[in-house]
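Thank you all for coming; I would like to walk you through one chain this morning, going from the surface inwards. Please have the structure open in front of you while I talk.

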Amino acid sequence: MKKKLLLLGDEAIALAAVNAGISGVYAYPGTPSTEITEFIQGNVAAKERGVHSKWCTNEKTAMEAALGVSYVGKRALVCMKHVGMNVAADAFVNSGITGANGGIVVVAADDPSMHSSQNEQDSRFYGKFAFIPVMEPSNQQEAYEMTAYAFELSEKMKTPVLLRVTTRMAHSRAVVEFEDRMESHDEIRIPANPMDWVLLPANSRRRYMEVLALNEELEEMAVGSRFNSYIDGQDKSMGIIACGIAYNYLMENMKGGCKHPVLKISQYPVPRKLVRKMASECKSVLVLEEGQPLLEELLRGLLDNGVKVMGRLSGEVPRTGELNADNIKPALGLGEKPSEKIPQVVVNRPPALCQGCGHRDVYASLNEALKDYPDHRVFSDIGCYTLGALPPFRAIHSCVDMGASITMAKGAADAGLFPAVAVIGDSTFTHSGITGLLDAVNSNASITVVISDNLTTGMTGGQDSAGTGKLERICEAVGVEKEHIRVVVPLAKNMEEIKSVIREELNYKGVSVIIPRRECIQTFNRKARQKKAQQEK
């Protein structure tokens, strides 16, 4: 029986994964991927089947746990935002060599225009780099169908599959039609050749040759894929290659049909036969792809017959930021380049820490305590507390990647900086900060680490934090002296006490950890509303 639901792209992927019979979803929260796991956590059918959906400590542990599920012949979904692929890369790239036993689909949610990210990286490069097939849906219905297909492809070809979406695909809604049924993949099935999973050099060399041969077969599959299509057109002065959601933007401009030949690509490796077909018929080729010019660069090497290749690199479409139906019009000959100046309709409201947030009191205390040290530097991390860089606090001097605060503070201290302070959140600390703290302890670096503990993963909506209730024990186990692990409550009334603790630890010649602990104000308010609603029932 067919059903219809209005779904986010993320939710369409999640529903398809549940219906495909996954044993677990493994993820670390990161916009724009978070809603996939949250949908599965709240899905009745997933709960009834006991689908694992607890958040992982980081993306690397998520990828490795999913590999364990695949090893025993069951299906697993892995979800992360694009920068999470950097964290998972060691396991992800090597999974291309081990292959898959049970189906394993890795969702990378890219964020062009950097709505909530540090960069615009394009996850398709990881698929190309690891010889892992990539799927890129053009709409929500395709996201649902592709997810189901990706699990089948993974098991058929014995390889993980990367499903790449972007912010607009993840966070926009459309009606999705689906079969109301759930597959079952509950039987444990060990790999036929377990040595494929033991990456000793002799095994890896053998597997690498097999992977290269498989890549040729995967490309042939992409040529005939139902998700790729060649649509002929009368005007051969230009051919258009549209990848993933860019195909949607193209079609918005072509209500009466496109006069140029169009090649839609949503399954990779790049189907070179179809590309060469277009190049042989058209005088020029326009490439529309969301993210970086992966395909455009490839075509400049692939097409050696003088065909002009246009796209992000040549300036026909914007080099950075998201594509949309309007900013591709000039390349299609349908209008002038839109103005980059955005009319100010409302007063600009820069982001700021919530009123009542504990991070505010942390930064206020830290700024006061550091006034006596004009050469101080505060190395921060990824989280809502990064807003401490903005007025009124202007308290931090760096933010590079998850976990970098502690190791950068250590490096600065190694080079002679004093005082060197690191500020990191509780969830980020367990994600990537523990190993940096261990390095600092092992070299007895003179740094002060502030683990601002709001008892949740606040930036992405209040998911569980892996370190809740464990931070002091973790720090002590890593080797921080117990007397230099200090817990304070960040409230205005405790300001003098907190400043005193900070000053004492700044002057300690070794590693000290200060843990300001107070629940995120948003999480606190949400729990209060839920409690009130229950009482009123």
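Val198, at 33% relative accessibility, counts as partly exposed, where buried means under 20% relative accessible area, exposed over 50%, and partly exposed in between, with a 1.4 Å probe and protein chains only. This valine lies in the loop between β7 (173–179) and α9 (201–223); helices here are DSSP runs of H or I of at least four residues, strands are runs of E of at least two, and both are numbered from the N terminus. Together with Met195 and Leu200, Val198 forms a nonpolar patch on the surface, with about 250 Å² of accessible area in total. Patches are made of residues with over 30% relative accessible area and no salt bridge, like charges being joined within 9 Å and nonpolar side chains (Val, Leu, Ile, Met, Phe, Trp, Tyr) within 5 Å, and the areas come from the Shrake-Rupley method with a 1.4 Å probe, counting for residues only the protein chains shown as cover.

Before going further, I should say that this is a predicted model, in which local features need pLDDT of at least 70 and side-chain atom pairs count only at pLDDT 80 or more, while totals for chains, interfaces and linings use all residues. Residues are numbered from 1 along each chain as its sequence is written, and side-chain values use heavy atoms, with hydrogens and water left out.

Let me turn to the charged pairs. A salt bridge is a side-chain nitrogen of Lys or Arg within 4 Å of a carboxyl oxygen of Asp or Glu, and a search of the whole structure finds 35 of them. One of these joins Asp122 to Arg164, with the closest N and O atoms 3.4 Å apart. Asp122 sits in the loop between β4 and α6 (124–130) and Arg164 in strand β6 (residues 161–166), so the pair ties together parts that are 42 residues apart in sequence. Asp122 is buried at 3% relative accessibility, and Arg164 is buried at 1%. Both residues belong to a network of salt bridges that also links Asp110, Arg124, Glu136 and Glu289.

A second pair is Lys236 with Asp232, at 2.5 Å from N to O; here Lys236 is partly exposed at 27% and Asp232 is exposed at 51%. A third is Glu496 with Lys499, at 3.0 Å, and these two lie in helix α17 (residues 495–506), 3 residues apart, about one turn of the helix. Glu496 is exposed at 54% relative accessible area, whereas Lys499 counts as buried at 9%.

Now to the sheets. Where do the edges of the sheet in the order β2-β3-β4-β6-β5-β11 fall? That sheet is open, has 6 strands and is mixed in its pairing, and its edge strands are β2 and β11 (267–268), each of which pairs on one side only; two strands pair if DSSP finds at least two bridges between them. Within this sheet, β3 (residues 76–81) and β4 (residues 104–110) run parallel and are joined by 6 bridges, and Met80 has Ala108 in β4 as its bridge partner.

On β2 (residues 24–27) we find Tyr26, which is buried, with a relative accessible area of 11%. Leaving aside neighbours within four places in sequence, Tyr26 is in contact, meaning heavy atoms within 4.5 Å, with residues including His52, Cys56, Val69 and Leu77. The C-alpha atoms of Tyr26 and Leu77 are separated by 6.2 Å, although the two are 51 residues apart along the chain.

Further along the chain, β15 (residues 420–425) and β16 pair in the parallel sense over 6 bridges, with Ala422 opposite Val449. In β16 (residues 447–452), 6 of 6 residues are buried: Ile447, Val449 and Ile451 point one way, and Thr448, Val450 and Ser452 the other. β16 also runs parallel to β18, with 4 bridges between them, and Ile447 stands opposite Val511 there. β18 (residues 511–516) likewise has 6 of its 6 residues buried, and β17 (residues 485–488) joins β18 in parallel through 4 bridges.

Finally, helix α15 (residues 426–442) has a kink of about 70 degrees centred on Gly433, the bend at a residue being the angle between axes fitted to the seven residues ending there and the seven starting there. After α15 comes Asn444, whose phi is positive, near 50 degrees.
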